[in-house]
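Reader: I have a sequence and a model open on my screen. Could you walk me through the strands and helices, one question at a time?

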Amino acid sequence: MPQMKNNLTVRRVIALLLTYVTLCVAGGVVGGMFFIPGVLGLNGAARTIAPSLKTENIDFDVTSLPQKSTIYASDGKTVIASFYAQNRTVVPLRQVSQPMQQAVVAREDRRFFEHAGVDMQGVLRAFVQTFIRHGDTQGGSSLTQQYVKNVLLIEAKEKNDPIAEYHASEDTIARKIREMLIAVQMEKQYSKAEILQGYLNIAQFGRNNLYGVQTAAKRYFNVSAADLNIGQAATIAAITKNPAKYDPSVPENQPEAQKQRNIVLDLMLQQHFISQADHDKFRAEPIAQTLNLQDNSTQIGCQVAGDAGFFCDYATKQILNSKEFGKTAQDRSKLLNEGGLNIYTTMDVHANADAMQAARDTIPVDDPSGFEVTIAAIKPGTGEVLGFGINRTYDPTDAAKNDPTRTAVNYAVDEKDGGGGGWGVGSTWKPINLVAWMQSGKSITQSLRLSSYYPVGSFACANYGGQPYGWNVHNSEGGTASVESPLQGLIRSHNTTQAGMAQQIGLCPIGEAAKAIGYHNASGDPDPSTRATLERFNGSMTIGSVAASPLTMANVFGTLGANGVECTPIALKKVVNKAGKSMKVPSANCHQAIEPGIAQTVGYALNQGVVQPGGEAATTQLDGGRKTFAKTGTNEDTYMTTGGFSPNQVASFVSVNNAEVPISFNGKTINHKSYGQWYGMYIATPAWKDFMNRYLADIQAPVDNNYGAPDPKYMGGASTSTNNTGQSTTGNNTIPDRQGYEQQPQTQQQQPQTQQQQQ
């Protein structure tokens with residue numbers, strides 16, 4: 001009787017085993033037609049089964065895996081930052097060393113090259129251990145099955161399907177059966193080499209979302225996957241069993257990581273992949289001494305880009321905001337974080353570093369005054385943004401909320417690009433007036449009779465009807481020059497001259513000229529030529545009461561320094577997808593915006609402001625006798641600015657202010673200096689000169705002093721024009737404006753009388 005019970009038990013076990021194995025290799029066959037293997041444990045049995053199972057439209061192509069995107073500086077070598085959902089760099093099998101391939105096979109699936117997707121011997125061993133001996137649960141999964149499991153998990157995460165993600169990882173026989181069925185089908189469609197390649201690229205080889213053999217090789221040993229030796233390969237192959245526990249970069253993990261590495265070496269020896277001598281050699285090495293850890297291999301995003309963080313943020317915004325990279329914001333974000341892009345930017349490592357240094361030298365990051373120095377640099381005639389300088393530390397984390405020295409706001413760019421609403425530009429606007437003046441066919445040497453009072457209606461034009469009140473405007477020393485040319489008005493930065501020019505030509509041509517050479521408002525209505533903008537700023541626009549980003553103003557000066565060629569600022573030179581194909585990037589749309597003669601003549605006028613006695617830009621003179629083209633400005637007593645260019649080399653703009661709440665500079669101590677009344681020459685101009693001199697020296701820019709030859713047709717006027725107010729004028733045109741300090745317009749009757757000084 002006992003013997004009969006034993007036989008019955010054996011039969012039940014065998015029946016259960018047969019059922020289990022049969023389901024593993026043939027379950028789900030349409031119509032129930034299949035062959036049961038005659039001999040358990042024979043790997044060839046799986047090859048006799050031809051299930052019609054579909055792979056559920058799952059893409060097992062290794063190139064479809066989520067991959068890390070990398071952002072480079074303009075040199076194509078300097079890495080700015082990486083972005084990834086899974087830190088992975090896909091490599092073909094031929095770029096993985098033979099010891100690495102052998103180590104994975106020895107560790108995960110020693111009969112990988114023999115079975116057809118399901119290792120029957122492994123299944124039998126796992127069955128006996130788990131269900132008969134009641135020992136530790138064993139999976140018996142082949143390497144192919146593990147690849148399937150990983151792909152199913154990624155697919156579920158990609159679809160944001162938590163239920164599918166659960167089923168792809170649950171510890172049940174049903175999951176195993178599904179994996180086996182797909183694995184058998186996979187091996188009919190893919191070669192062993194393709195499957196091994198897929199596994200090596202998809203497997204997790206450490207903490208912090210570290211995936212793929214190439215990333216692991218760089219992380220732990222600073223070598224490529226192609227150069228991994230036997231010991232290194234064994235170390236990496238051991239990690240997959242428990243990525244958190246066996247990650248050797250964690251000091252407390254190293255004893256166990258070394259033990260697991262040695263197990264892999266033992267298996268490689270047993271499989272005759274390595275010799276006894278190599279086995280003993282690498283087994284004797286302390287694992288800590290073999291490591292060459294690279295911390296940056298697991299760092300992610302602009303927050304780890306250091307001083308390039310602000311540029312990195314701007315560059316990523318160009319991707320996230322541009323339809324070239326996807327129809328929706330979600331599509332573009334996914335492409336950045338999973339698309340394996342190589343993003344080559346316009347950032348010049350010298351320009352960005354020099355701008356950051358100049359900003360921090362001007363006002364230290366922790367200066368008690370709290371004022372921000374913001375610098376934007378662009379390459380004239382190309383639209384290429386070279387770099388940003390901000391005396392802050394880039395930090396997009398919550399820690400920045402309570403630390404005024406840290407921010408994720410790039411004050412140098414427009415609101416839509418991660419910046420703010422822009423800063424008052426002051427007298428740096430005045431070269432735009434000169435462009436509009438010449439476009440209206442007038443000479444910059446023509447004399448104008450000027451006034452300190454202008455009816456706003458006298459600025460009316462096709463798109464602007466004016467306002468029913470007057471504008472009181474005067475220069476910083478009070479009053480106005482009685483007679484002055486637009487050229488002298490720019491050299492001395494006189495406000496009344498700008499108003500006189502606007503009365504002659506109207507505001508519309510000035511708004512249109514601004515738009516043509518690259519100006520736009522940082523927020524709100526971006527077009528300076530629209531009725532809404534003209535009515536908002538009325539005559540005060542001519543002396544820079546508008547709000548723009550430093551990058552926009554750098555681009556304006558870039559147009560003037562490129563013979564009138566205007567370009568849309570760009571941060572991306574080339575983007576290559578994971579298939580190695582270049583993607584379309586936003587275009588700079590470079591075009592001839594104004595006549596070269598006009599640009600050259602404005603250049604001449606700007607330089608005269610540097611070299612003439614009493615010129616307001618005298619303090620901007622660059623080193624080495626380099627011909628200097630610059631304009632200074634102060635907007636009220638809360639913004640100080642300077643902009644200029646070195647022809648065809650670099651244009652830059654500096655704004656100094658308090659970004660959070662506009663406050664007066666006057667009476668403040670800034671970087672250990674105190675003035676009752678601050679001007680741009682004290683702080684914005686030194687920052688501009690510091691950056692320009694540093695950068696031009698770093699790139700060894702040749703001195704070319706030929707730019708700025710005025711066009712004779714804009715230099716011939718000598719007539720005197722009267723204003724149409726009928727009022728007499730006062731003032732002395734020999735008294736220079738103090739570093740671009742201007743008076744905010746005072747209006748009569750309907751206009752409030754509370755406006756402050758415009759500088």
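**Strands first, then helices**

Reader: In β5, what is the bridge partner of Lys379?
Author: This is a predicted model. β4 spans residues 372-379, and β5 spans residues 384-390. Across the two strands, Lys379 has as its bridge partner Glu384.

Reader: How many residues lie between β4 and β5 in their hairpin?
Author: Six bridges join β4 and β5, and the two run antiparallel. In the turn, Gly381 has a positive phi of about 80°. The number of residues between the strands is four.

Reader: Which residue in β20 stands opposite Ala377?
Author: β20 covers residues 650-657 and runs antiparallel to β4, with seven bridges joining them. Along this pair, Val373 stands opposite Val656. Opposite Ala377 is Ser652.

Reader: How many of the eight residues of β4 are buried?
Author: In the sheet order β5-β4-β20-β19-β18, β4 sits between β5 and β20. Helix α21 also lies across β4. The strand is mostly covered, and the number of buried residues is seven.

Reader: Which are the edge strands of the sheet with the order β5-β4-β20-β19-β18?
Author: This sheet is open, has five strands and pairs antiparallel. On average, neighbouring strands are turned by 10° against each other, direction ignored. Two strands pair on one side only: β5 and β18.

Reader: At about what angle does α22 run to β18?
Author: Two helices are worth comparing with the strands here. Helix α21 (residues 550-560) lies across β4, β5, β18, β19 and β20, at about 145° to β20. Helix α22 (residues 596-611) lies across β18 and β19. Its angle to β18 is about 70°.

Reader: Why is one side of β2 and of β16 left without a neighbour in the sheet?
Author: Five strands form an open sheet with mixed pairing, in the order β2-β1-β3-β15-β16. β2 (79-83) and β16 (582-583) stand at its edges. One side of each is left free because each has a single partner strand.

Reader: Which helix packs on the sheet and touches β1, β2, β3 and β15?
Author: Within this sheet, β3 (residues 342-345) and β15 (residues 572-576) pair in the antiparallel sense over four bridges. Thr345 has Leu572 as its bridge partner in β15. The helix on the sheet covers residues 309-320, and its direction makes about 50° with that of β2. It is α13.

Reader: Which residue that follows α14 has a positive phi?
Author: Helix α14 runs over residues 329-338. Its buried residues include Arg332, Leu336 and Glu338. After the helix, phi turns positive, near 60°, at Gly340.

Reader: Is α16 roughly parallel or roughly perpendicular to α19?
Author: Helix α16 covers residues 430-439, and helix α19 covers residues 507-516. Their axes come within 8 Å and cross at roughly 110°. Angles of 65 to 115 degrees count as roughly perpendicular. So α16 is, relative to α19, roughly perpendicular.

Reader: How many charged residues are in the contact of α16 with α19?
Author: Ile432, Asn433, Val435, Ala436 and Gln439 of α16 meet Pro509, Ile510, Ala513 and Ala514 of α19. By class, seven of these residues are nonpolar and two are polar. The crossing is right-handed. As for charged residues, there are no such members.

Reader: Is α16 roughly parallel or roughly perpendicular to α18?
Author: These helices pack with their axes 10 Å apart, at an angle of about 30°. The crossing is left-handed. Angles under 35 degrees count as roughly parallel. Therefore α16 is, relative to α18, roughly parallel.

Reader: How many polar residues does the contact of α16 with α18 have?
Author: From α16 come Lys430, Asn433, Leu434, Ala436 and Trp437. They meet Asn495, Gln498, Met501, Gln504 and Ile505 in α18. Five residues of the contact are nonpolar and one is charged. The polar count is four.

Reader: Does Ser493 count as buried or exposed?
Author: Ser493 lies in the loop between α17 (486-491) and α18 (495-505). Its C-alpha atom is 8.4 Å from that of Asn475, 18 residues apart along the chain. The cut-off for buried is under 20% relative accessible area. Ser493 has 1% relative accessibility, so it counts as buried.

Methods: Residues are numbered from 1 along each chain as its sequence is written. This is a predicted model: local features need pLDDT of at least 70, side-chain atom pairs count only at pLDDT 80 or more; totals for chains, interfaces and linings use all residues. Side-chain values use heavy atoms; hydrogens and water are left out. Buried means under 20% relative accessible area, exposed over 50%, partly exposed in between (1.4 Å probe, protein chains only). Two strands pair if DSSP finds at least two bridges between them. Contact means heavy atoms within 4.5 Å. Axes are lines fitted to C-alpha atoms, for helices over the stretch in contact, and angles run from 0 to 180 degrees between N-to-C directions. Angles under 35 degrees count as roughly parallel, over 145 as roughly antiparallel, 65 to 115 as roughly perpendicular and the rest as oblique. A crossing is left-handed if the near helix is turned anticlockwise from the far one by less than a right angle, and right-handed if clockwise. Ala, Val, Leu, Ile, Met, Phe, Trp, Tyr, Cys and Pro count as nonpolar, Asp, Glu, Lys and Arg as charged, and the others, Gly among them, as polar.
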